[in-house]
Amino acid sequence: MRNKTAVMFMLSVVLLFTNLQTAYAYDNSWMHKFSDDDMQMLYQLVHAESGNQDLTTQEAVASVVINRVMSEYFPNSVSSVIFADGQFSVVDNGSIWCTPSEQSIQAVNNVCENGVTIKNNIYFFRNSHYHNGYTDEMQLGVLYFSSYGD
């Protein structure tokens, strides 16, 4: 009886983990929408915004951009999302024009191959504190991620 309970518990953990992983996945058909220029811009944005953070945090930054592209609330291309007025300080201050690290490239490629790593409604991140007026979601490294709460 004890072994059966342990097996049932492990099965429920596996199912829960599987459901959490697929909760953030989009249909991968969106990947064909990304031009080489869009991918390069995404590499550069991830590096400029989070190049000093770990791989998981960089994947979350890439996921924010993908979430925006997939959302009805934002433009539907990577470049349009990145260059929308006032959205990313690294565009405004010019630091987006950098050479991305191998880790930043890996983070973007991981998200493009495996799906976003955060909830689909997380559209914002900020250094050191959450955005006012949005729902606080999580902190990774020094970045705080927020959603519309929908």
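## Fold at a glance

Six helices and three strands make up the secondary structure of the protein, where helices (H or I, at least four residues) and strands (E, at least two) are DSSP runs numbered from the N terminus. Along the sequence the order is α-α-α-α-α-α-β-β-β. This is a predicted model, in which local features need pLDDT of at least 70 and side-chain atom pairs count only at pLDDT 80 or more, while totals for chains, interfaces and linings use all residues. Residues are numbered from 1 along each chain as its sequence is written, and side-chain values use heavy atoms, with hydrogens and water left out.

## Surface and contacts

The protein has 150 residues, and 38% of them count as buried. Here buried means under 20% relative accessible area, exposed means over 50%, and partly exposed is in between (1.4 Å probe, protein chains only). The accessible surface comes to about 8,500 Å², with 52% of that belonging to carbon and sulfur atoms; these areas come from the Shrake-Rupley method with a 1.4 Å probe, and for residues only the protein chains shown count as cover.

Now for how the chain meets itself. Take the contacts (heavy atoms within 4.5 Å) between residues at least 6 apart in sequence: 63% of them join residues at least 24 apart.

## Aromatic pairs

There are 14 aromatic pairs, counting rings of Phe, Tyr and Trp (its six-membered ring) whose centres lie within 6.5 Å, with planes under 30 degrees apart called stacked, over 60 edge-to-face and the rest tilted. One of them is F83 with W97, a stacked pair at 6.0 Å centre to centre and 25° between the planes. F83 sits in the loop between α4 (78-82) and α5 (89-92), and W97 in the loop between α5 and α6 (102-114), so this pair ties together parts 14 residues apart in sequence. F83 is partly exposed at 34% relative accessibility, and W97 is exposed at 58%.

Then there's F125 with F145, a tilted pair with 5.8 Å between centres and 40° between planes. Since F125 lies in strand β1 (residues 122-127) and F145 in strand β3 (residues 143-147), the pair ties together parts 20 residues apart in sequence. F125 is buried at 11% relative accessibility, and F145 is buried too, at 0%. Elsewhere, Y73, F74, Y123, F124, Y134 and Y148 form one aromatic cluster.

## The salt bridge

How many salt bridges does the structure hold? Just one, taking a salt bridge as a side-chain nitrogen of Lys or Arg within 4 Å of a carboxyl oxygen of Asp or Glu. Side chains of opposite charge can pair when their charged atoms come close. The partners are E137 and K119, at 2.8 Å from N to O.

E137 belongs to strand β2 (residues 135-140) and K119 to the loop between α6 and β1, so the bridge ties together parts 18 residues apart in sequence. Both ends get some exposure: E137 is partly exposed at 24% relative accessible area, and K119 is partly exposed at 32%.

## The largest pocket

The largest pocket holds about 340 Å³ of space. The search runs on a 1 Å grid over the protein atoms alone, and a pocket is an open set of points where a 1.4 Å probe fits, with protein on both sides within 12 Å along at least five of seven lines; lining residues have an atom within 4 Å of a point. Grid points are joined across faces, edges and corners, and the volume is the space filled by probe spheres set on the points.

The lining has 16 residues, and those closest to the pocket centre are Q87, S89, F125, R126 and H131. Strand β1 supplies the largest share of the lining, four residues.

## Two buried residues and a loop

F88 is in the loop between α4 and α5, yet it's buried at 3% relative accessibility. Not counting residues up to four places away in sequence, F88 touches L45, E49, V65, R68, V81, I82 and F125. Its C-alpha is 9.9 Å from that of A48, with the two positions 40 residues apart in sequence terms.

L143, in strand β3, is buried at 3% as well. Leaving aside neighbours within four places in sequence, L143 is in contact with E49, S50, T57, V61, F125, R126, N127 and M138. L143 and Q53 are 90 residues apart along the chain, with their C-alpha atoms 8.9 Å apart.

Finally, S128 is in the loop between β1 and β2. The phi of S128 is near 80°, a positive value in a residue other than glycine.
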